[in-house]
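Thanks for coming. I have one structure to go through today, and I will take it piece by piece. Please have a look at it first.

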Amino acid sequence: MSAVAAESVRDVSVLVVPRVGAVVETGDPVLPYRLIDGAGEEVAVVNAFLRNMRACDCSPLSLRSYGMDLLRWWRFLAAVDVRWHRAQLVEVRDFVLWMQQARKPTKRRPGSPAPGSVNPTTGKRYPSAGYAPRTINHALSVIREFYEFQIDEGAGPVRNPVPAARRVDGDRLYAHHNPMDPFHPHRRAPLRQKEPKQAPRSLPDTLFNDLFTAMPSNRDRAILAFAVSSGVRPSELLGVTQARINPGDQTIGVIRKGSRALQWVPASADAFVWLRLYQQELHDLRLGANAGLWWTRRRPYRPLTYHAMRAVLVRANAVLGTNWTLHDLRHTAAYRMAEDPKVSLTDVQWVLGHAQLTTTQIYLEARPDAVIERMRTHHAAAAVPHPVPPAPSAGGYRPEVLTALLGRPADVH
């Protein structure tokens, strides 16, 4: 009998996991985020792991993401009364089973669409009430990496409770992969969930025009124009400074998310027109070269954050009955560039900042809205009856006689 089968079976369907502890922002560049437990005490082992991540040049947002996954794991261990260094495979298994049926601790606004429903206009699904398979898989990866760090430090268990991916000939999966060869499908690691493949959603031109019209200010119109023409990530666009704007070359300088390198990306002329109109509204705000480009509209002026811009889109979506996001504009720009025969796929990869060309290839797949429109045209053309050409006239008659009788030139045989 296996170790998992020998353990007592927990009924995770009635398990109550209290929402204790938190991931708090410190303002310290060495450790931007740290984890505290329900008693308000610092979780030293987790914070040591986060500190090591920071030393490995991970971004503060990555630390926050990892901290939230470990907070969820810490809450589950407290609910089942198991110390972190005593956790085994059975706890990881029950943790996955609990996440599969648990509801996310989110606040639902009155009158909002049902979780998991599909918007009839955009075709996009609203977030579900539970945890997505991608979220579960990410949590498993974070927990496994945390235990690997503790094992290397000699502070954790002897064996990692989170199972790894299947190995080939005792070696790490794809340890000696030839970059010129494609990756072949392999079995999922134990407890990993099946992630449904979804095509990126983009805005058709008519729906983008409706969203653009719903923007309440020149600042918001400029942001949308830059997003849909440059294809940069929302965080990269909102992080542009005053010194990284070049209207002469029609480029903006963004700090790439992965490499953190400065890259000048082209944008449309309309985007710079809306930018100039927005800048005219900030004539009383003295901004230096290193100051941010986007600011709030009301005093006291503050740099525009992603959540503030997201709130603008939420209000516009409520009016239009849609659920578009800023990242959908990046997909829209990528599809537009990929469909242009004068733009190569490597050009699209460079503009989007993808490390691998295989990531850019997803935009070569047909867009659902474009396929539907082409099929509508096909069915409409098939429904129109084709005119039947008149039967040719019999031979032996002179053309002028047939013209006088029938009123048309006769076919000469």
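When I say that two residues are in contact, I mean that they have heavy atoms within 4.5 Å of each other. Keep in mind that this is a predicted model.

I will start with serine 202. It sits in the loop between helix 5 and helix 6, the latter covering 205-213. Is serine 202 buried or exposed? It is buried, because its relative accessible area is 4% and the cut-off for buried is under 20%. What does serine 202 touch, leaving aside its neighbours within four places in sequence? The list is Trp324, Asp328, His331, Thr332, Tyr335, Arg367 and Asp369. With arginine 367, the side chain of serine 202 makes a polar contact of 3.4 Å.

Next, helix 6, where we find leucine 211. Leucine 211 is buried too, at a relative accessible area of 1%. Its contacts, again without the neighbours within four places in sequence, are Leu203, Leu224, Leu313, Ala316, Leu320 and Trp324. So Trp324 appears in the list for leucine 211 and also in the one for serine 202, because each has heavy atoms within 4.5 Å of that tryptophan. Leucine 211 and threonine 322 are separated by 111 residues in sequence, yet their C-alpha atoms are 9.1 Å apart.

Now back to helix 5, residues 133-153. Its 21 residues should span 30 Å at 1.5 Å a residue, and the end C-alpha atoms are 31 Å apart, which agrees. The buried residues of helix 5 include Ile136, Ala139, Leu140, Val142, Ile143, Phe146 and Phe149, and also Asn137, Arg144 and Gln150. Which helices help to cover them? Among them are helix 2 (44-55), helix 3 (60-80) and helix 4 (89-101).

Take helix 3 against helix 5. They pack at about 85 degrees, and their axes are 9 Å apart. That angle makes the two helices roughly perpendicular. The contact between helix 3 and helix 5 consists of ten nonpolar, two polar and three charged residues. From helix 3 the participants include Tyr66, Leu70, Trp73, Trp74 and Leu77; from helix 5 they include Ala139, Val142, Ile143, Phe146 and Tyr147. Directly after helix 5 comes glycine 154, with a positive phi of about 80 degrees.

Helix 7 runs over residues 218-230, and from its first C-alpha to its last it reaches 18 Å, close to the 18 Å expected. How many of its 13 residues are buried? Twelve are, which leaves helix 7 mostly covered. Charged side chains are on that buried list as well, including Arg219, Asp220 and Arg221. Glycine 231 follows helix 7, and its phi is positive, near 75 degrees.

Last, some backbone points. Most residues other than glycine have a negative phi, and most peptide bonds are trans. Aspartate 57, in the loop between helix 2 and helix 3, has a positive phi near 70 degrees. It is exposed, with a relative accessible area of 52%. Glutamine 250 has a positive phi as well, near 55 degrees. This glutamine lies in the loop between strand 3 (245-246) and strand 4 (251-255), and is partly exposed at 32%. Finally, the peptide bond from arginine 299 to proline 300 is cis, with omega near -5 degrees. Proline 300 belongs to the loop between helix 9 (269-280) and helix 10 (306-320).

Technical notes. Residues numbered from 1 in each chain as written. Heavy atoms only, no water. Helix = DSSP H or I, 4+ residues; strand = E, 2+ residues; numbered from the N terminus. Expected span 1.5 Å × (residues − 1). Buried < 20%, exposed > 50% of the residue type's maximum accessible area, 1.4 Å probe, protein only. Axes fitted to C-alpha atoms, helices over the stretch in contact; angles between N-to-C directions. Parallel < 35°, antiparallel > 145°, perpendicular 65-115°, else oblique. Polar contact = N/O pair within 3.5 Å; in protein donor to acceptor, adjacent residues only side chain to side chain.
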